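Biologist: I'm new to reading protein models, and I'd like to learn feature by feature. Could you walk me through this one?

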Amino acid sequence: MELELRHLRAVCVIADTGSITKAAAALGVSQPALTALLQRVERELGGQVFARGRQGARPTPLGQYVLVRARSMLMAMDDLRRGAAYQTRGESEPIRLGGLAGPVSVGLADRLGARLPAAEVRLHAEYSPRLLWELLLADRLDAAATVDYPGFELRPPPNLLWDVIVREPVFVALWEGHPYADRDEVELADLAAEPMAMTPADGAGWPDCWHLACEQAGFTPRVLYTISDAVPIREMVATRRAVSPCQAVFPAGDGVVVRALAGSPITLRHLVICRRDGPLAERFDDLVQLAREAYRAYAARRPEYLRWLARHGREV
C-alpha cells in the first residue's frame with residue numbers, strides 16, 4: 001500500500017482528537033474502518049504510530065516523527081491549492097505567518113494586519129515549534145513566532161532572520177490551598193513527590209528540558225497525566241489531582257495559583273524568525289517590535305508575573 005494524503009489526514013485527525021472513535025466521527029467513517037486504515041498505515045511504516053489504551057490514542061516516537069511531516073505535507077497541498085487560485089485570479093498571495101497557539105502569535109497577526117492593511121495576513125497555529133521550523137525552511141511560511149528551550153536552542157541558517165522577543169521563566173501551577181501556594185517562589189526539589197500534569201513532547205525540547213532540570217534538582221518527576229490542551233490541565237490542577245509546569249503568563253484563578261520556581265531553572269525564549277527572501281524581510285525589525293508589543297500586552301494582565309519581575313528588578 002502506498003501512503004496517500006487521506007491516510008496522512010486521518011493520522012492527523014486521530015492525533016488532534018486523541019481518540020479513534022472521535023476521529024472516525026470527525027472524518028465521517030466508522031470506527032472499524034478507521035482502525036483498519038490505521039493498521040494499514042502502521043504496516044506500511046513498519047511500526048506503531050499510536051499507543052492505544054483507556055486514555056485514548058497517543059503518538060509514539062514514530063508517530064511524532066510522522067505527524068510533523070504529515071502536517072507539513074498537508075499544509076503544502078493546501079498552499080498549492082490556494083496559490084493556484086490566487087494565480088488564476090491574478091491576485092497577490094497572502095502573508096503566511098506561523099505561530100504557537102496562543103496570545104503572542106494571535107496578537108502579532110492582529111498587529112501585522114493593522115500595519116499592512118492592503119495585505120491579507122493568515123495565521124497558521126501549531127503546537128510544535130519543530131513543525132513551524134520545518135515549515136519555514138520548506139518555504140511554507142514567511143515568518144513565525146515560536147519558542148526554544150535551554151540546551152535545545154534553535155540555530156537558524158543564514159537564509160533566515162531571527163531575534164529574541166523575550167526570555168520567559170517557567171513557573172508552576174498549583175491548586176488554591178496547596179501547601180506551597182502561599183510562597184512567592186517554590187523550590188523545584190520540593191515538587192519531587194507531587195503528581196504532575198504536563199503537555200506532551202513538542203519536538204523541540206519540551207518536556208526534555210523539564211526532566212533535565214528535575215534530575216539536576218535530584219529527582220525524577222512523577223508525570224501521571226500527559227495532556228496537550230491547557231484547559232484539562234487547569235482542571236487537573238484546580239481539582240487537586242496534579243501540579244503542572246507552566247509559562248509565567250499562564251492565567252491564574254478558578255482554583256489555580258501560579259508561582260515562580262526559585263532560581264528560574266528553566267527559561268524559554270520567545271523568537272521571531274523570518275525568511276530573508278520573503279515579503280516580511282524588509283520589515284523584520286518592525287515584526288520583532290510588534291511581537292514584543294503582543295507579549296507585553298498579554299503579560300500586563302498577569303499580576304503574579306508582574307510581581308515576580310518587580311522583585312527581580314526586571315521588565316517585560
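Modeller: Sure, let's begin with burial: buried means under 20% relative accessible area, exposed means over 50%, and partly exposed is in between (1.4 Å probe, protein chains only). By that rule Phe171, at 1% relative accessibility, counts as buried. Some ground rules too: this is a predicted model, where local features need pLDDT of at least 70 and side-chain atom pairs count only at pLDDT 80 or more, while totals for chains, interfaces and linings use all residues. Residues are numbered from 1 along each chain as its sequence is written, and side-chain values use heavy atoms, with hydrogens and water left out.

Biologist: Got it. Is Ser264 buried, exposed or partly exposed?

Modeller: Ser264 has 22% relative accessibility, so it counts as partly exposed. Its place is the loop between β11 (256-261) and β12 (267-275). Those labels come from DSSP runs, numbered from the N terminus: helices are H or I with at least four residues, strands are E with at least two. Ser264 also has a positive phi, near 45°, in a residue other than glycine.

Biologist: Next, rings. How do I read an aromatic pair?

Modeller: A pair of aromatic rings is described by the distance of the centres and the angle of the planes. Rings of Phe, Tyr and Trp (its six-membered ring) pair if their centres lie within 6.5 Å; planes under 30 degrees apart count as stacked, over 60 as edge-to-face and the rest as tilted. This structure holds five such pairs. In one of them, Tyr149 and Trp206, the ring centres are 6.0 Å apart and the planes are at 35°, so the pair is tilted.

Biologist: Where do Tyr149 and Trp206 lie?

Modeller: Tyr149 is in the loop between β5 (143-148) and β6 (160-175), and Trp206 is in the loop between β8 (195-198) and α7 (208-216), so the pair ties together parts that are 57 residues apart in sequence. Tyr149 counts as buried at 7% relative accessibility, and Trp206 does at 8%. Another pair is Phe171 with Trp308: 5.8 Å centre to centre, 70° between the planes, which is edge-to-face. Phe171 lies in strand β6 and Trp308 in helix α10 (residues 303-311), so this pair ties together parts that are 137 residues apart in sequence. Trp308 is buried, with a relative accessible area of 2%.

Biologist: Which residues do ring pairs link into a cluster?

Modeller: Tyr149, Trp206 and Trp210. While you're at Trp206, look at its bond to Pro207: the peptide bond is cis, with omega about 5°.

Biologist: Can a charge pair up with a ring as well?

Modeller: Here's the rule: a charge sits over a ring if NZ of Lys or CZ of Arg is within 6 Å of the ring centre and within 35 degrees of the ring normal. Arg69 lies over the face of Tyr65, 3.8 Å from the ring centre. Arg302 has its charged end over the ring of Tyr298, at 4.5 Å from the centre.

Biologist: And helices that pack together?

Modeller: Two packed helices are described by the angle between their axes and the distance between the axes. Axes are lines fitted to C-alpha atoms, for helices over the stretch in contact, and angles run from 0 to 180 degrees between N-to-C directions. Under 35 degrees counts as roughly parallel, over 145 as roughly antiparallel, 65 to 115 as roughly perpendicular and the rest as oblique. Take helix α1 (residues 5-17) and helix α2 (residues 20-27): they pack at about 125°, with axes 8 Å apart. α1 and α2 are therefore oblique to each other.

Biologist: How does α1 sit against α3?

Modeller: Their axes come within 10 Å and cross at roughly 110°. That makes α1 roughly perpendicular to α3. Contact means heavy atoms within 4.5 Å, and here it is made by Arg6, His7, Ala10, Val11 and Ile14 of α1 and Leu34, Leu37, Leu38 and Val41 of α3.

Biologist: What about one residue's contacts?

Modeller: Try Glu42, in helix α3 (residues 31-45). At 11% relative accessibility, Glu42 counts as buried. Not counting residues up to four places away in sequence, Glu42 touches Gly47, Gln48, Val49, Phe50 and Arg52.
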